[in-house]
Structure formats: C-alpha cells, structure tokens
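Subject: Structure handover

Hi,

Here is the structure we talked about. Please load it first, then read the notes below.

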Amino acid sequence: MVQLNVEGVFLDLYDLDPPKLNFAIEDITDTTARSTFSRTFRVPATSNNNTFFTNAYQINGVDFDVRIKRTSYIYIDGSLFSTGQLRLNKIYNSREGKRIDYECIFFGETKDLSTSIGEGYLNELDLSAYTHTLSYTAITKSWEAYPSGTTTDGLFNGGILYPLIDYGNTYTNGVVNETMVQQDNTAGVPAFTKVPHPLTEDRWKPLVRAKLLFDTIFEEAGFTYDSELLNSDLFLPIYVSAFGNEASIYTPNANNTCDITVNGNTTAPVIVPYNLKIFDYNNRFTIDPLTNTYEYTVPLTGTYEISWSINGSALTSTSGSISGRLRLNNAVTIDSDSQSIVNPGSQENPESVSYSLNSVWTGTLTAGQYLHVDIVDTNLENYNVNGGDFRVLSAPGQVALPSVLDDNYKKIDFIRDIITMFRLVLVPDNKRSNHFIIEPWQDYIATGEVMDWTHKLDLNKDVITEPLFYTQSSRINFNNKEGEDYLNVINEEQFKEVFGTAIVNGNNDLLEGERDITTNFTPTPITQIKRKNLSIGETFIIPQIHANEPGDNATYNPQHVSIRGNTRILYYNGIKDTDGIDWYLENDPNSPYDYYPMVSFYQDFPNTSNSLNLNWQIEQGYIQHAVNSPLLGKSVYDKYWSNYINSIYDGFARKVTAHFVLDSVDLLDFNFDNVIFVKDAYYYVNRIYDVSIGQKSSVKVDLIKLINYNVNEGGFVPPVLVWNTTDSDWEDTNVNWEGY
C-alpha cells in the first residue's frame, strides 16, 4: 500500500495509477544538485483532497499557492520510502465534469537543498561571529591553526588564517610607497627585512577555512551532513581566500584611517566617515567651518599615526606667535607645532604674514578617546585659517568577513566547486530529513550491500549491452579560472592553458567533441620570495599574487602592482623556516621572525608521494632549485577522478540496459552504493526508470559494469546459473550460493 502524506494530510491516490519515480545516479553527482527522486503524477479530486487543495479546481474557489512546495513523505506498507517536497502543478477537469485530477510534482531532498541555498553570494553569509580586530596578536594567533597546532588551535579555532602572501605595492613616479615583501639590503629599498620597514598589519589578508564556509552554507539552508572526507584532517587545512573585491594591497575595511581636508572656502568640512573636531581655542576664527566642533573618536585600542596641518595668515603690530595643537579628550596636548609671526611692515601699517603648522604624531590610543586640532596665538591682532587637514595614516582595524569574500561568487557555486573538485556524491539520507551523505565517488559507489537481481531479470524483454565509451567525449578538459598574477600569466603565455590544467584524451577515433569540467577557483603558483642575496631564503616560498608591469625606475622595475586576485583555494602548510632571512611585523614585540606561515597548493611541504595537490594536474611549477619534489603526490584528478574516468573509457566497460521485476522491498532500502549482481557480473545502477511505487512491475534499469570488482573475503559468493527452459527460471549450480 502506498501512502502520500503532505504536511500531516494523507492524500487519496489512484489504486491503478500509483506515483512513479525515477532514480538517476547523475542526481547525486551532478553539481546542479537535482532531485534524487522526482516525478509528476495525478491524484483524484476526492473530498479529502479537495479540502487539502482548498477546492482549487473551482475557478472562483480559494487559490492554492502553487509556488509553495510542501514537505511530503511517501510510505510503502507503513514504512517511510522517501522524504521530499510536493507542488501542485496543474488541474485537469474533464469535459463532462465527471473526473477532476490534481497534477502534482514530487521532488526529493536534493532539489530542495539547491533551492534553499538559493542564488545568494558568499559575502551574504552571516559570519558576524568572526569579526575581529586586525592586529599582530590576531595575525600571529592564526598561525597556530592545524597543522601547526591541534585541530582546534588558532584564531577562531583555526577558522581564520593570515598567511604570508605578497600582494604587491603602490608607486609614485616609479618609486615604491610601502614596505616590500622581499629580502634586500640595498640602501633606500624598504624591505620588510629591515627594522624601519615592518610589514604593516593592514597588509595581511585573511583566508577562511573551506569547511567553515561549507558548513555555514549548509546550516543557513537548514541541512546537515555526514562526511568522512569533509571532517578529515586532509580537508581541514584547506582555506579559501578573502582578498576583497578591489585591486588593493590592503585588507578591505581593516583599517580606520581617514583623510579629512578642511577648506576655508567651504561651509563645512567633509567629516565622513569620522567626526573631526577643529575649533578656535580663542574663539577668533573668521572662517565658519572652524567655528564648528568636529572630532575623531578612537574606534579601537592600538597604535595610531596621525598627520595634521593648519595654514592661513596672521596679523600683528609687533611680534607674536601662532600654535597648532593636537588635543586628546579636550584636555591634554599630545602634539603641537608653532611659528613666530614678525611684522614685516610698521606698527602703524602691519602686514599679513602667512603661516603653516603641521606635524606627525605616533602613539597608542584607547577606544572611546577623541581627538581634535585647535589653534592658539600670542600677541596677534588677528589671524585667518585658509585650510588644513587631519589624517589618520595608520590605525588598527576590524575585519568583517562577508565584506572581504568574493561578492560575485554564489554560495551554490561554491558548493558545486567543492563537489566538482573532489568528485563528491551528495546523497539524501532516506532515514533523516534534510540530511546528506557526502563522500568522494570512489569511496561511495560499490561500497554498499551486494544485491542479487539475477532472478528478477525479465527475460521477455531485450537485454542491451553496449560499450560505455561510445557515450563519452573525445576529450575532457579539467581546468580552473585564469588568473592575472604574473606567474599565472607566464604559464598561460608559455603553455596556452591555465596552471594545473589536466586534459584527458579518449584515444579513440570513434569519439568526438569536448567536455569541460571546471571550477571558479584560480590556481596559485608559488615561488621563492624575492631576494637580493640568493645564498639565503631557498626554502622561503610564498604566493605572489600581483601583476608585474614595466616601470621607469631601475630599482623598482618591474613594478609589483596589486590585482583583484580572484578566489583561491590553498592548503595551510604550517610554520616554515625562512632559511636565514629575518623579517619584521608592525607593532609585534616578537619581531624579527625567522619563520613564516606558508600556504600553497600542496597538502604537505616538502611534498611526499602521498600528498594531495589541489591542481587538476601536477606541474613542475616555478620553485627554483631542488628544495621540493614537484612531481610527487597526487593531483585532485589523480586521486578523485581518474578511477572514474578510466572506468568509462575502458574498452571492457559496458552499459547494460535490461528490465527487472522489482517491488517496494527491492527499492525501500536502495542506495546508489549498492552493488547489483546479475548472473555472472557485478554492476552499479546508473538509472531506474518509472518505478511504480507499491507495485511489483517490470522496470527498465541501466547498469554499469564494475571493472575488476573484488568481493570481500567471506562475503557474497557469486552463483553459477544456467537457464532452465522447463521452469523458465535461472537454476543455481553453485551449492555454495544456495540460501544466500
């Protein structure tokens, strides 16, 4: 008996026309995350069904919102068969009005996952719990994440990482403006290996643990999952970049700097985003803006660098002076600058004298304090303020993760990219609502129960066997998104493909066409840090995510120009030795460091034969000299795709289409990890067509032969069967199989 329960109501079904469902393996592997079970069917307009559908068949009846999918359960003989969503599609009303049907569509859980995640973007995730102050404490704390520490060490238990990456610099007239991430003892080069040029805190950009993003997307969509891979130590150290959405060397929204110019010709100074107080201590300003009170409120405790200036003209008959002051809490002068004013004319005819007051102050401020600039004079008859500025050159900042994640990267696309990269299956759990089993294809397919369907084969219908490779493309391209950083550009110019691309050729003249398997991640080639002294820093290897552009200054040519960067996926390799190079981090009393936090596409560095490489293909790369064995290990294609691809291109691979007499017992606990045994071979199910739920019927099934499948010792012993024409049935001649 089949029962359909929709939000607590059991609908009446046609006895002779039960719901029919399809099972397709693409539905658990296709990254469009379509329904595992889906089918359109009709239910009669009985009194019970009319009540549920609010008599929607009547033109003037109450409208039933067809846009809403209702939580539904299919039961067979009282046992739960499938959980999903039901939607009213159409209403059929016969000409005589004697028969009215509601046409419904049943969707399995996987469809609802895709719908629930929706079309939103990564930067719309609620990651407010991970907002933090960007300081040397947070930066260095993040380095403790696994594998440097335990699986729960680091910043936010390892959720956020600040690795060392060179994002380039800015230039003025060919001369670099900031500290450079390189080793260089040349005079005038502001390398971060020199005490006066530490790498500032806002030059560090965060990476977010991939599992944190994956889990947050699932949680917000209302789903849970079990996965040995995603919960493993292999997946935990994988991070996703949060570089921001503009080409910048600085972490977006991570500083509280500002640049406020006060123009004496305006009616009010620009005070966004902070409130700057500049006022006349003696109340003698003649320019309106400076008679107002504006202040800068300190947002975070930390070290600040502040530049301020006031300029104008003053008038005195004798000698005097004018002073500008940087004041804290309207009580303490923490910085000042003065200028003497001498009358160049006579006492009877004094002349105006220009003045310019300015200074740069560095020190520690506490959140909640406020600053203003004022001006005082001695023996002056009058003075004017023509303008000035207040600039916070450097300050501690806060990082709000959503704002630094890619604003053009959809959440569902991120899930698809992870599924694609690791060739994952996404299997709804028939016993737990809104729950999935997520594992690599090779760790799921053909790992379940062996089911003997030999006696179920319908011999009255054709059994069609065909080579599997006939349905494949001549070539498959595995690639990622191209990058603008100089190493990616070099690779594309030299090899005419994205770094890490894998190309699989079918090597069969019968095949044609191409297939692309790609993700939105941009690969990240790595190389040694730029260094003047080549005898050190051999193992100091970092990503250099910037472009190289020609410059007209020999010292800084080429110029290392910032780029947007795109989204990257990288392994955290832990703390690594700098091989003789010491470098400095701003405000950090532990500087200099002779180690650094390393990220790369390698699972381990130096890599080993068991290391995973996050590229589709293992490349020689751009690391100079023999500090690593670049061709060791396995790419994601080698580890997660090659077995599958080899199996579908194998000359002995077969697709078998046959009909089997199946009933609800056969399908109640069916999963795509089941192994199907028929006569003398093992298969996995590719597709089951139009299963009549609750009935025993002949059903069309596509099977894929398992190549070199081994039954576990002590497990299923295959039967040796011959066809008994007298009984029109298979007869077992292997006594060891009897009673299985």
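What volume does the second largest pocket have? About 450 Å³. Keep in mind throughout that this is a predicted model.

**Second largest pocket**

The lining of this pocket holds 20 residues. Nearest its centre lie Thr-200, Asp-202, Glu-305, Leu-393 and Ser-394. Two elements give two or more residues to the lining: β19 (302-315) and β24 (382-394). Of the elements, β19 gives the most, with 3 residues. By class, the lining divides into 6 nonpolar, 8 polar and 6 charged residues.

**Largest pocket**

The largest pocket contains about 620 Å³ of space. Its lining is made of 26 residues. Glu-26, Thr-29, Arg-423, Arg-515 and Tyr-644 lie nearest the centre. Several elements each supply at least two lining residues: α1 (26-29), α7, β32 (514-518), α11 (642-649), β44 (681-692) and β45 (697-705). The most comes from β32, which gives 4 residues. The class split is 11 nonpolar, 8 polar and 7 charged.

**Arg-423 and helix α7**

Arg-423 deserves its own paragraph. It is among the residues nearest the centre of the largest pocket. Arg-423 sits in the loop between α7 and β26 (424-428). Its phi is positive, near 50°. Is Arg-423 buried or exposed? Arg-423 has a relative accessible area of 7%, so it counts as buried. Leaving out residues up to four places away in sequence, Arg-423 touches Thr-29, Glu-439, Pro-440, Trp-441, Tyr-640, Trp-641 and Tyr-644. Of these, Thr-29 and Tyr-644 also lie among the residues nearest the centre of the largest pocket.

Helix α7 covers residues 411-421 and is mostly covered, with 9 of its 11 residues buried. The buried residues are Lys-411, Ile-412, Phe-414, Ile-415, Asp-417, Ile-418, Ile-419, Thr-420 and Met-421.

**Nonpolar cores**

Phe-414 of α7 turns up again in the largest nonpolar core, which has 164 residues. The residues with the most contacts inside this core are Phe-218, Phe-414, Phe-422, Phe-478, Leu-614, Ile-645 and Ile-688. Take Phe-478 in detail. Setting aside neighbours within four places in sequence, Phe-478 is in contact with Thr-501, Ala-502, Val-504, Ile-517, Trp-616, Tyr-637, Trp-641 and Ile-645. Another core lies apart from the largest one and has 28 residues, including Ile-260, Tyr-355, Val-373 and Ala-395.

**Strand β23**

Val-376 lies in β23, which spans residues 370-378. Val-376 is buried, at a relative accessible area of 16%. Its C-alpha is 6.0 Å from that of Ile-322, although the two are 54 residues apart in sequence.

**Salt bridges**

How many salt bridges does a search of the whole structure find? The search finds 17. Three pairs are worth listing.

- Glu-7 and Arg-70: their side chains meet at 3.8 Å, N to O. Glu-7 is in the loop between β1 (2-6) and β2 (9-11) and Arg-70 is in β5 (residues 70-76), so the bridge ties together parts 63 residues apart in sequence. Glu-7 is partly exposed, at 46%. Arg-70 is buried, at 16%.
- Arg-327 and Asp-374: the N to O distance is 3.9 Å. Arg-327 belongs to β20 (residues 319-328) and Asp-374 to β23, so this pair ties together parts 47 residues apart in sequence. Arg-327 is buried, with a relative accessible area of 11%. Asp-374 is buried too, at 1%.
- Asp-406 and Arg-564: the side chains meet at 3.5 Å, N to O. Asp-406 is in the loop between α6 (401-404) and α7, while Arg-564 is in the loop between β37 (559-562) and β38 (569-577), which puts the partners 158 residues apart. Asp-406 is buried, at 11%. Arg-564 is partly exposed, at 27%.

There is also a network: salt bridges with shared partners join Arg-42, Arg-99 and Asp-101.

Best regards

How values were computed:
Residues numbered from 1 in each chain as written. Predicted model: local features only at pLDDT ≥ 70, side-chain atom pairs only at ≥ 80, totals over all residues. Heavy atoms only, no water. Buried < 20%, exposed > 50% of the residue type's maximum accessible area, 1.4 Å probe, protein only. Core = buried A, V, L, I, M, F, W, Y, C linked by side-chain atoms within 4.5 Å. Contact = heavy atoms within 4.5 Å. 1 Å grid on protein atoms, 1.4 Å probe; cavity = no way out; pocket = protein on both sides within 12 Å on 5 of 7 lines; lining within 4 Å. Points joined across faces, edges and corners; volume = space filled by probe spheres on them. Nonpolar A, V, L, I, M, F, W, Y, C, P; charged D, E, K, R; others polar. Salt bridge = Lys/Arg side-chain N within 4 Å of Asp/Glu carboxyl O.
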